[in-house]
Amino acid sequence: MFRAILYTQWKWARPVLLLAMLVAGYIPVDALRAAPYKSVDTYHIPSLYLGITSASVYYQLLALGVAVVVAISTWQADGQRRHVYALSLPVPRWRFVLLRFGAGAALLGTVAVAVGLFGALAAALAPLPPMLHAYPIGLAVRFWLGALVPFALIFALLSSDPRRVRLLVAAVVTVIVVDLLLASLGTTEKPLILGWVLDGLYSGRGPLAAFLSKWMLVDV
Amino acid sequence: MSDAISLKHVAYRPAREFAIRDLNMTVPAGAIYGFLGPNGSGKTTTIKLILGMQEADDGTIDVLGHTIPQGAPQALARIGYVPEKVHLYASLTVGEMMDHHRAFFPTWDAARAGELRRQFGLRTEQKIDRLSKGESGKLMMLLALATQPELLVLDEPTDGLDPVVRRDVLSALVEYVSARNATVLVSSHLVHEQERICDWVGVMDDGALIAELPMHAFRSGIKRLRVSGAPPVLPAPPFMMLGRTATAGAEEEWGVRGWQPEMAAWIAAQGAVLREVIDLDLEESFVELLRTARSGGVA
């Protein structure tokens, strides 16, 4: 059953996944090439650091982009036919949703594996200065977990009742507008609710905190 | 005989302007049940309630011994469903769609599926979004039949198909039903088609089931009588008066249900003359029934 679901989702997201794998191969090559060196002795550490930190942003953007596309493609075919086929299958709804989620997570995993493999390959081919080490597995895991967060958010929205989603989005937009309005009128010092939400999402153990940290292939 | 489908006092309001009200419906096991009704009468909504795709506001639904919607997955494992519109994944090929469907139905008969595919002239590598309407209809019927269902739920399965494809689809259906003694609920507004294959009929109009009876009773019980000299006010007749329309001169046409030849004596006793008893075919009976229901009469 899972294989059948995985196959359909692979077929729908295949072009984007293949492109993402190619990009995953290009990012570390570009990052390590940014350091002008002939040998370990002539390494220019600041240039290398700049290349690696730039790559961190590219990895994050790649994770975000591929997560969004995979989440949308997961439900697109069912949504186009009003989920009639899915609902006619002898599977409880929660299980079908779980199968779709699992397949999406597995597909994101293929890009994460590409990130790890290409990262390891690039790091192996580049003469890194002493004290610096490559962490391709750590990067791949971080990439996968990071991609799962936006995937899960969009997946949840798309698998919910559209009326409820519209209500939720309308409520969120209303709260943000009122919050910004109050801040612009000077009633509050800064947008309170928006501030709390962003703090909750990005700081400490927030689900999007990973996107503010550095996704480094090479580090001390 | 047990019932394959049973709906009791079902109510459901999917939109402000339409509702299913106090729906009671029984499909006996082994029956081919024709579900008739004009477009928008609630047939598809009722089918979605039966399959657990939508949840009723009130009442109980039992399908193959399972209460819906709680037991829908168990019931769906024994049901073959062909919806009104193509519901398959457009980007897959015929072969991929068959493989996908097989993964969810342990009762899938691969040999029969292959046989039906060849019989219907479908190729495994054909992409679903490039199939014609007829080919899509055949593929949906193939998927439904290859799971060897005990109950087939077909929502307008031949709507828009050309006569050749329609004949192929119906003959595959009849062949399966006669071999497996399966129950069939087939919704359609093509009345003549239902007349050929169904042994039970239910008529739906504006969210209510206005008649449910064996086909032979439906076909033989509804007549049109040409009567002359009938008084304007009549005592209660021994048959059900569906409608009474004045025609030329003193003649009238009566639409009646439950007609027996000996009831002619009752007409004579009213001082009227029975000129002719006209047999109505299913379509005319259906129209007569709808007209009565809509004018507030008892169908």
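**Exercise 1. Determine whether A:Tyr85 is buried or exposed, and describe its ring pair with B:Tyr89.**

Step 1. A:Tyr85 has a relative accessibility of 1% and therefore counts as buried, where buried means under 20% relative accessible area, exposed over 50% and partly exposed in between, with a 1.4 Å probe and protein chains only. B:Tyr89 is likewise buried, at 1%.

This is a predicted model, in which local features need pLDDT of at least 70, side-chain atom pairs count only at pLDDT 80 or more, and totals for chains, interfaces and linings use all residues. Residues are numbered from 1 along each chain as its sequence is written, chains are lettered from A and ligands numbered from 1 in the order in which they are written, and side-chain values use heavy atoms, with hydrogens and water left out.

Step 2. The structure holds twelve aromatic pairs over all chains, a pair being rings of Phe, Tyr and Trp (its six-membered ring) with centres within 6.5 Å, stacked if the planes are under 30 degrees apart, edge-to-face if over 60 and tilted otherwise. A:Tyr85 and B:Tyr89 form an edge-to-face pair, with 5.2 Å centre to centre and 70° between the planes.

Step 3. Because A:Tyr85 lies in helix 3 (residues 84-87) of chain A and B:Tyr89 in the loop between strand 6 (79-82) and helix 3 (94-102) of chain B, the pair joins two chains; helices (H or I, at least four residues) and strands (E, at least two) are DSSP runs, numbered from the N terminus.

**Exercise 2. Find which parts of chain B are tied together by the salt bridge of B:Glu156 and B:Lys43.**

Step 1. The side chains of B:Glu156 and B:Lys43 meet at 3.7 Å, N to O, a salt bridge being a side-chain nitrogen of Lys or Arg within 4 Å of a carboxyl oxygen of Asp or Glu.

Step 2. B:Glu156 lies in the loop between strand 7 (151-155) and helix 6 (163-180) of chain B, and B:Lys43 in helix 1 (residues 43-50) of chain B, so the bridge ties together parts that are 113 residues apart in sequence.

Step 3. B:Glu156 counts as buried at 6% relative accessibility, and B:Lys43 is buried with a relative accessible area of 4%.

**Exercise 3. Compare the burial of B:Arg112 with that of B:Glu115.**

Step 1. B:Arg112 forms a salt bridge with B:Glu115, in which the closest N and O atoms are 2.7 Å apart.

Step 2. B:Arg112 is buried at 15%, whereas B:Glu115 is partly exposed at 42%.
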